[in-house]
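Work through the exercises below with the sequence and the model at hand. Each task is followed by a solution in steps.

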Amino acid sequence: MGAAQLSRDCAESNRNTIERNFRENGIYIYVSRGEREWSGIRAGLPVIVAGAGPSLDSAIPSLRGTGIPIVACDRAAKPLIAGGVIPFAIISCEIRRAGAQKLDGVPGLSGIPLVFDPICTPDTPHRYPGPLYTYDRPGLQNMGKGEIRRGTGVIIYAI
C-alpha cells in the first residue's frame, strides 16, 4: 500500500473527527497567520526537522551547537526545550484531543510559533500560548494562507 492510499484510508476512517475538528478550528484558522508569512522567513535557508524518536535524546547535544534553526514536530518540542534547544517553530497535525497534551507544561512556548493543521484537534491551538500559523487544505478551505506538503505523519508536514 502506497502513502497516498494510506492517507486516503486514514482520512476516511477518521472523517467525523476531521470534520468536527475543522469546524471547531474555524476561529483559530481565521485569526492565525498563514504559512506564506511563516515560510518566507527562512525561504531557501536550511533548517533541521526534529521528530520524536529513539535517537532524539542522543541528538540533542549536537543540535544545540549547530546554529541552524530547528523545526520541531509537536512530540519533540518538550525534550528539545528541556535539553536547551529552542525550536524556531513547532508543527502539529494531531487529530485526537488527547494529543493536545503533548505541549502541556512545556516552558517558553509563548515565543515559539505553532504551525497547526486546520484539521488538528482544536485543543492544540486553543491551549497554545504562542503565535499561531496555519495553511490551506485544498478541497476543504482556501483562505489564501498558503499550502504545505502533507503526508501520513507530522514529520512529512514539517519538511
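**Exercise 1. Locate the partner of Asp123 and place both residues in the chain.**

Step 1. Asp123 pairs with Arg97 in a salt bridge, the closest N and O atoms being 3.1 Å apart. A salt bridge here is a side-chain nitrogen of Lys or Arg within 4 Å of a carboxyl oxygen of Asp or Glu.

Step 2. The pair links distant parts of the chain, 26 residues apart: Asp123 is in helix α7 (residues 123–127), and Arg97 is in the loop between β4 (89–92) and β5 (114–116). Helices (H or I, at least four residues) and strands (E, at least two) are DSSP runs, numbered from the N terminus.

Step 3. Arg97 has a relative accessible area of 33% and is partly exposed. The classes are buried (under 20% relative accessible area), exposed (over 50%) and partly exposed (in between), with a 1.4 Å probe and protein chains only.

The model is predicted: local features need pLDDT of at least 70, side-chain atom pairs count only at pLDDT 80 or more, and totals for chains, interfaces and linings use all residues. Residues are numbered from 1 along each chain as its sequence is written, and side-chain values use heavy atoms, with hydrogens and water left out.

**Exercise 2. Describe the salt bridges of Arg15 and Arg20.**

Step 1. The closest N and O atoms of Arg15 and Glu19 are 3.9 Å apart, and the two form a salt bridge. They are four residues apart in helix α2 (residues 15–24), about one helical turn.

Step 2. Both are partly exposed, Arg15 at 40% relative accessible area and Glu19 at 37%.

Step 3. Arg20 forms a salt bridge with Glu24, again with 3.9 Å between the closest N and O atoms. These two also lie in helix α2, four residues apart, about one turn of the helix.

Step 4. Arg20 is partly exposed at 27% relative accessibility, as is Glu24, with a relative accessible area of 37%.

Step 5. The count for the structure is seven salt bridges.

**Exercise 3. How many disulfides does the structure hold, and why is Cys73 not bonded to Cys93?**

Step 1. A disulfide is a pair of cysteine sulfur atoms within 2.5 Å. The structure holds zero.

Step 2. The cysteine sulfur closest to that of Cys73 belongs to Cys93 and is 8.1 Å away, so the two are too far apart for a bond. Cys93 is in no disulfide, and its nearest cysteine sulfur is that of Cys73.

Step 3. Cys73 is buried, with a relative accessible area of 2%. Cys93 also counts as buried, at 17% relative accessibility.
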